[in-house]
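These are my notebook entries on cross-links, charge pairs and surface charge. I began with the sulfur atoms and then turned to the charged side chains.

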Amino acid sequence: MLVKVQLMKSVLCVALYFIIYVVFIKVRKNFNSKEITDIMKTRYKPVTSQSSFTNKINKKNVELEIDMLRIDELKGEAIDLEENAALLQQVSDTCARYNIKKISLVKRHFLHNDKHKSLYCWIRKVASTSFTKLFSDMSNRQVSHNFYKEVDLLSPKTLESLQHYVNDSTVFKLLIVRHPFQRLVSSYRDRIEDNSKYTAQSWLHAHSILYHSRPKLFHAKSSNTNILERIFLPDKRLKIIPSFREFLEWLLKQPPEHDDVHWVQYHTHCAVCNVHYNFILKLDHYTLGQINYILSKLKLDRNKIYLPMLQRTHNGLTDFKMACKYFRNLTTDMVMQLYERYKIDFDMYKYKPDDYWHCAKRKN
């Protein structure tokens, strides 16, 4: 008799557990977007500043993106919900904190694919070649080099069409960033220091850089050679290579609005405060899960897509260790000036300059 009672208890417990499990599954399936947003609002309360109509719009759009991230996570996509939700909120808060006015969209800065409902703002030296190739493949273009020229073919046809894509909530909008200082070193190594090839940046700027740092070079008496012949080889490759410090001393004297696309500020180049990006990838510590998530949002088969090793060029990876070597010849004051120049980008994506102050061996 005792055995039967215990058996009945066990059966009832199993039945009760099964009923609770079924109810839980139904509740999860019926979990609507409003409940999702309420949870995220509680977890990520925005930093309050001046209450304005613009701020309310920014916060509303951020909440929408957080909502969509939560839904994607429930669907099984491998993403870090908390990290990306916090990053979206940080961008919105930074735009409000600096009261950034509307920045004009430049259609050439964006790649669009109508079939895959996607929009991507390229930033030079931040995996732009890899993702330009990806968008080229999405358009069935058989191109293996000269991806710089692909931009003109893959960009929206008109500014009006770009604005339409920006306002279309069904278009997946992608932005990729990296530490501003690492990108700066990478740009210098590729476009100035590497004289194995001609680059537009060395041809356009080396003269001004050297005129600022080595004025005697321009006063040297020579009846047979002009200044361009002293600086460049016959095929327009650099003969005299400005150092990283010379490059930065020149850069810090230039107005930011005239910056080359290889070292322009992120928030101006991609109109970050005017385009509500759905996903921001930080190239410094990306995961395979994040790449797979992006491919899924681009409506691509992740098993058939090949992306080359991101961040790498033929000169090798520019990581913190490599960048630190270039900062060793700088003063801490120069590092501070660079930080002030790119401060908004630092704040938007939660980057810190601290380690680079320790790299700078020359004190003020």
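**Entry 1: disulfides.** I searched the whole structure, a predicted model, for disulfides and found three. I recalled that a disulfide is a covalent bond between the sulfur atoms of two cysteines. Counting the bonded cysteines along the chain, I noted the pattern 1-4, 2-3, 5-6.

**Entry 2: cysteine 95 and cysteine 273.** I looked up this disulfide and recorded an S to S distance of 2.0 Å. The torsion about its S-S bond is about -90°, so I entered the link of cysteine 95 and cysteine 273 as left-handed. The pair links distant parts of the chain, 178 residues apart. I located cysteine 95 in helix 4 (residues 81-97), and cysteine 273 in the loop between helix 12 and strand 4 (279-282). I then checked accessibility with the cut-off for buried at under 20% relative accessible area. Cysteine 95 has 8% relative accessibility and therefore counts as buried. Cysteine 273, with a relative accessible area of 12%, is buried.

**Entry 3: cysteine 121 and cysteine 270.** For this disulfide I noted an S to S distance of 1.9 Å. With -85° about the S-S bond, the link of cysteine 121 and cysteine 270 is left-handed. Which parts does the pair tie together? I placed cysteine 121 in strand 2 (residues 118-121) and cysteine 270 in the loop between helix 12 and strand 4, so the pair ties together parts that are 149 residues apart in sequence. I found cysteine 121 buried, and cysteine 270 is buried as well.

**Entry 4: cysteine 324 and cysteine 359.** The sulfur atoms of cysteine 324 and cysteine 359 lie 2.1 Å apart, and I recorded the pair as a disulfide. The torsion about the S-S bond is about -115°, so this disulfide is left-handed. The pair links distant parts of the chain, with cysteine 324 in helix 14 and cysteine 359 in helix 17 (residues 354-359), 35 residues apart. I marked both cysteine 324 and cysteine 359 as buried.

**Entry 5: salt bridges.** I next asked how many salt bridges a search of the whole structure finds. The search returned 13 salt bridges. As background, I noted that side chains of opposite charge can pair when their charged atoms come close.

**Entry 6: arginine 141 and glutamate 150.** I found the side chains of arginine 141 and glutamate 150 meeting in a salt bridge, with an N to O distance of 2.8 Å. Are the partners buried or exposed? Arginine 141 has a relative accessible area of 30%, so I entered arginine 141 as partly exposed. Glutamate 150 stands at 3% relative accessibility and counts as buried.

**Entry 7: aspartate 259 and arginine 341.** I looked up the salt bridge of aspartate 259 with arginine 341 and noted that the closest N and O atoms are 2.9 Å apart. Aspartate 259 lies in the loop between helix 11 (244-251) and helix 12 (266-269), and arginine 341 in helix 15 (residues 332-341), so the pair ties together parts that are 82 residues apart in sequence. I found aspartate 259 buried, and arginine 341 likewise.

**Entry 8: a network of salt bridges.** I then traced salt bridges that share partners, and they join Lys125, Asp190, Arg191, Asp194 and Lys197 into one network. Within it I examined the salt bridge between aspartate 194 and lysine 197, in which the closest N and O atoms are 3.9 Å apart. I noted that aspartate 194 counts as buried at 11% relative accessibility. Lysine 197, at 24% relative accessibility, counts as partly exposed.

**Entry 9: positive charge on the surface.** I asked which residues gather in a patch of positive charge on the surface. The residues I listed are Lys321, Lys325, Arg328 and Lys361. I looked further at lysine 321 and placed it in helix 14 (residues 320-327). Lysine 321 has 62% relative accessibility, so I counted it as exposed.

**Entry 10: threonine 158.** Last, I located threonine 158 in the loop between helix 6 (147-154) and helix 7 (159-167). At 35% relative accessibility, I entered threonine 158 as partly exposed. From C-alpha to C-alpha, threonine 158 and arginine 108 are 9.5 Å apart in space, while in sequence they are 50 residues apart.

Technical notes
Residues numbered from 1 in each chain as written. Predicted model: local features only at pLDDT ≥ 70, side-chain atom pairs only at ≥ 80, totals over all residues. Heavy atoms only, no water. Patch = residues over 30% accessible without salt bridge, like charges linked within 9 Å, V, L, I, M, F, W, Y side chains within 5 Å. Areas by Shrake-Rupley, 256 points an atom, 1.4 Å probe, with all protein chains shown as cover. Salt bridge = Lys/Arg side-chain N within 4 Å of Asp/Glu carboxyl O. Lys, Arg positive; Asp, Glu negative; His and termini not counted. Charge placed at Lys NZ, Arg CZ, Asp CG, Glu CD. Helix = DSSP H or I, 4+ residues; strand = E, 2+ residues; numbered from the N terminus. Buried < 20%, exposed > 50% of the residue type's maximum accessible area, 1.4 Å probe, protein only. Disulfide = S-S within 2.5 Å.
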